[in-house]
Protein chains: 2
Amino acid sequence: MSVFGAIEAGGTKFVCGVGSSPDNMVTTRFPTASPEENIEQIVSFFRHAAGDRVTAVGIGCFGPLDLETGYITSTPKLPWQNYPIRQTISEALKVPVELDTDVNAAALGECRWGATQGLSDSLYLTVGTGIGGGAIVNGTPVHGMMHPEMGHIRVPHDLAADPYPGFCIYHDDCLEGLACGPAIEERWKTAAEQLPPEHEAWSLEAHYLALALCNWICTLSPKRIVLGGGVMKQLHLFPLIRKKVAQLLKGYIRTTELTSGLDEFIVPPGLEMPGLAGALALAQLRCSRTGEKRA
Amino acid sequence: MSVFGAIEAGGTKFVCGVGSSPDNMVTTRFPTASPEENIEQIVSFFRHAAGDRVTAVGIGCFGPLDLETGYITSTPKLPWQNYPIRQTISEALKVPVELDTDVNAAALGECRWGATQGLSDSLYLTVGTGIGGGAIVNGTPVHGMMHPEMGHIRVPHDLAADPYPGFCIYHDDCLEGLACGPAIEERWKTAAEQLPPEHEAWSLEAHYLALALCNWICTLSPKRIVLGGGVMKQLHLFPLIRKKVAQLLKGYIRTTELTSGLDEFIVPPGLEMPGLAGALALAQLRCSRTGEKRA
């Protein structure tokens with residue numbers, strides 16, 4: 001049986017895994033540092049955990065990425081700016097490497113083994129230090145011109161009700177600027193995880209996320225939406241968001257998912273580590289594509 | 001050579017065509033009336049224009065549609081509510097019929113023969129009596145749970161600058177409610193086409209459309225956006241929209257398309273009748289799929 005490598009390259013930590021499914025992966029994690037240091041840790045982990053047995057490696061990576069060249073481009077993490085991550089890891093491990101965004105990987109992982117299994121069209125959103133989304137359309141992640149940057153959509157912001165100007169250094173009050181973890185903390189002067197469930201912060205958070213979800217429902221028409229990331233560990237947000245989505249759509253889109261199935265339409269991740277599972281799925285995809293070419 | 005049938009079923013008129021490409025189509029048009037009357041006109045046109053030679057028919061239809069069953073569902077055009085348009089036309093003409101939304105058809109037509117030819121990912125937006133969008137992702141129209149209803153996304157609405165409450169009977173000030181032709185007319189008490197190019201109406205119109213385009217750029221990452229429909233016949237809107245899109249994105253997404261190619265990124269349709277061309281493309285798709293099944 002083939003063994004695959006998975007790398008979830010995040011802004012604060014790297015998670016690596018070896019296995020053939022999310023259930024049987026051997027994993028490790030270390031803080032995001034310089035590329036040299038992290039690449040050495042990656043090589044060392046794969047050597048010890050898998051010897052030379054890894055068939056291909058998938059990477060779900062923080063962005064922005066140039067998926068054609070395999071570079072990390074204009075990230076604020078300076079040592080990683082303009083860094084050829086795909087080529088470097090491929091040469092270091094001597095295996096084919098498939099690269100995608102962290103959120104596309106997570107969407108793919110959930111689609112393969114998790115909450116959106118078997119669905120042709122779905123959306124994975126992470127709400128944490130930042131906000132990002134990965135969409136699966138007709139079974140395949142959306143890439144397009146570059147890759148989606150869903151966190152940066154604009155949503156209505158009533159300054160009278162919420163005078164907070166927003167956290168995004170580019171757009172101030174885009175969705176990420178209004179609803180990411182650090183925005184919650186700056187607005188309420190308390191870390192998000194320390195705000196009690198009855199705090200008005202959560203109703204406002206649900207309001208912004210619901211506005212964004214409605215825009216994506218109208219644009220992507222997903223069959224299910226998975227909400228992950230640190231902020232979504234506050235599970236009391238789910239019923240608030242579902243209720244507000246229904247209020248905002250006002251019955252305009254009449255599908256079973258929206259009229260009677262909202263509890264199954266907007267859900268938490270089905271996997272413990274969607275991003276790492278997705279990186280594994282990327283490795284397997286890469287392998288099946290190489291197989292096709294050989295055939 | 002195979003000859004195909006194309007039907008653009010619009011809210012105010014039907015356009016029908018017979019041919020093998022948009023260049024050689026014989027066409028006719030008649031006002032949208034009752035299904036019985038229109039179906040008779042359709043059958044009569046195809047009999048006279050093509051005899052029994054039509055291989056398949058494509059329909060780009062006003063919605064909402066149930067693409068699985070081939071029904072028009074909850075349209076405000078009462079005689080067409082819960083109407084099995086695909087089956088009725090297929091039985092009347094005795095040919096296979098492919099049905100999609102009018103805007104998906106237009107997106108497909110532009111992708112096959114028009115302004116987005118050869119691009120894997122694109123967006124077609126129509127701005128007229130209503131606002132609708134069709135997206136092509138990885139070469140295929142987005143369908144998902146139902147089909148997109150892009151006109152109904154929410155965008156920021158500064159009530160101090162624009163106190164107009166919006167035209168949408170469902171959502172008041174969604175994009176369609178703020179920026180469709182009837183909203184322009186109601187806000188300024190003048191038909192859109194009679195407002196001079198220097199009127200402030202156009203700067204506001206460009207502002208709302210640019211906000212929506214930025215949301216779709218962040219979500220779908222299209223390689224090109226085509227803006228069609230009656231309102232976009234005001235070609236002076238294009239430079240205004242391009243400028244506002246650049247201002248809103250603030251250099252966050254660094255692709256050639258956005259940094260130096262905006263004139264080729266946001267463009268008018270390349271075809272005279274994108275919807276009818278798209279219906280023809282649907283008929284051809286249907287035929288190639290039937291061929292696959294037989295093979």
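Which helix of chain B holds B:Glu200? B:Glu200 lies in helix α6 of chain B, which covers residues 200-220. The model shown here is predicted. B:Glu200 is exposed, because its relative accessible area is 55% and exposed means over 50%. Now look for B:Leu123. B:Glu200 and B:Leu123 are 77 residues apart in sequence. In space their C-alpha atoms are 27 Å apart.

Turn next to the sheet in chain A. Five strands make up an open sheet, in the order β10-β9-β8-β11-β12. The pairing is mixed. At the edges are β10 (140-141) and β12 (266-267) of chain A, and each of these pairs on one side only. Strands of a sheet pair through backbone hydrogen bonds, either parallel or antiparallel.

Follow the pairs one by one. Strand β8 (residues 122-127) and strand β9 (residues 131-137) of chain A run antiparallel and are joined by six bridges. A:Val127 stands opposite A:Ile131, a residue of β9(A). On another pairing, β8(A) meets β11(A) in the parallel sense, over five bridges. Here A:Leu123 faces A:Ile225 of β11(A) as its opposite number. β11(A) also pairs with β12(A), again in the parallel sense, over two bridges. A:Val226 has A:Val267 in β12(A) as its bridge partner.

How much of β11(A) is buried? Four of its five residues are, and the strand is mostly covered.

Two helices lie across this sheet. Helix α3 (residues 102-113) of chain A lies across β8, β9, β10 and β11 (224-228) of chain A. Its direction makes an angle of about 50 degrees with β9(A). Helix α6 (residues 200-220) of chain A lies across β8, β9, β11 and β12 of chain A. The angle between α6 and β8(A) is about 155 degrees.

Chain B can be read in a similar way, starting from its own β11. Strand β11 (residues 224-228) of chain B has four of its five residues buried, so the rest of the structure largely encloses it. Strand β8 (residues 122-127) of chain B runs parallel to β11(B), and five bridges join them. B:Thr126 has B:Gly228 in β11(B) as its bridge partner. β11(B) is joined to strand β12 (residues 266-267) of chain B by two bridges, and these strands run parallel. There, B:Val226 is bridged to B:Val267 of β12(B).

Now to the interior. In soluble globular proteins, nonpolar side chains tend to be buried together. The largest nonpolar core of this model has 104 residues. Which residues have the most contacts inside it? They are A:Trp216, A:Ile241, B:Trp216 and B:Ile241. Take A:Trp216. Leaving aside neighbours within four places in sequence, A:Trp216 is in contact with A:Leu123, A:Leu125, A:Met150, A:Ile153, A:Leu175, A:Ser221, A:Pro222 and B:Thr219.

Aromatic rings give another route through the model. The structure holds twelve aromatic pairs over all chains. One of them joins A:Phe62 and A:Trp80, whose ring centres are 6.0 Å apart. Their planes meet at 85 degrees, so the pair is edge-to-face. This pair links distant parts of the chain, with the two positions 18 residues apart in numbering. A:Phe62 is in the loop between β4 (54-61) and β5 (65-66) of chain A. A:Trp80 is in the loop between β6 (71-72) and α2 (85-93) of chain A. A:Phe62 is buried, at 5% relative accessible area. A:Trp80 is buried too, at 1% relative accessibility.

Another aromatic pair is formed by A:Tyr252 and B:Tyr170. Their rings are 4.7 Å apart, centre to centre, with 70 degrees between the planes, and the pair is edge-to-face. Why does this pair join two chains? A:Tyr252 lies in the loop between α7 (237-249) and α8 (256-259) of chain A, and B:Tyr170 lies in the loop between β10 (140-141) and α4 (175-179) of chain B, so the pair spans both. A:Tyr252 counts as buried, at 15% relative accessibility. B:Tyr170 counts as partly exposed, at 25%.

Return to A:Phe62. This residue belongs to one aromatic cluster with A:Phe14, A:Phe30, A:Trp80 and A:Tyr83. The charged end of A:Lys77 also sits over the ring of A:Phe62, 4.8 Å from its centre. In chain B, the charged end of B:Lys77 sits over the ring of B:Phe62, 4.8 Å from its centre.

Key:
Residues are numbered from 1 along each chain as its sequence is written. Chains are lettered from A and ligands numbered from 1 in the order in which they are written. This is a predicted model: local features need pLDDT of at least 70, side-chain atom pairs count only at pLDDT 80 or more; totals for chains, interfaces and linings use all residues. Side-chain values use heavy atoms; hydrogens and water are left out. Rings of Phe, Tyr and Trp (its six-membered ring) pair if their centres lie within 6.5 Å; planes under 30 degrees apart count as stacked, over 60 as edge-to-face and the rest as tilted. Buried means under 20% relative accessible area, exposed over 50%, partly exposed in between (1.4 Å probe, protein chains only). A charge sits over a ring if NZ of Lys or CZ of Arg is within 6 Å of the ring centre and within 35 degrees of the ring normal. Two strands pair if DSSP finds at least two bridges between them. Contact means heavy atoms within 4.5 Å. Axes are lines fitted to C-alpha atoms, for helices over the stretch in contact, and angles run from 0 to 180 degrees between N-to-C directions. A nonpolar core is a set of buried Ala, Val, Leu, Ile, Met, Phe, Trp, Tyr and Cys residues joined through side-chain atoms within 4.5 Å.
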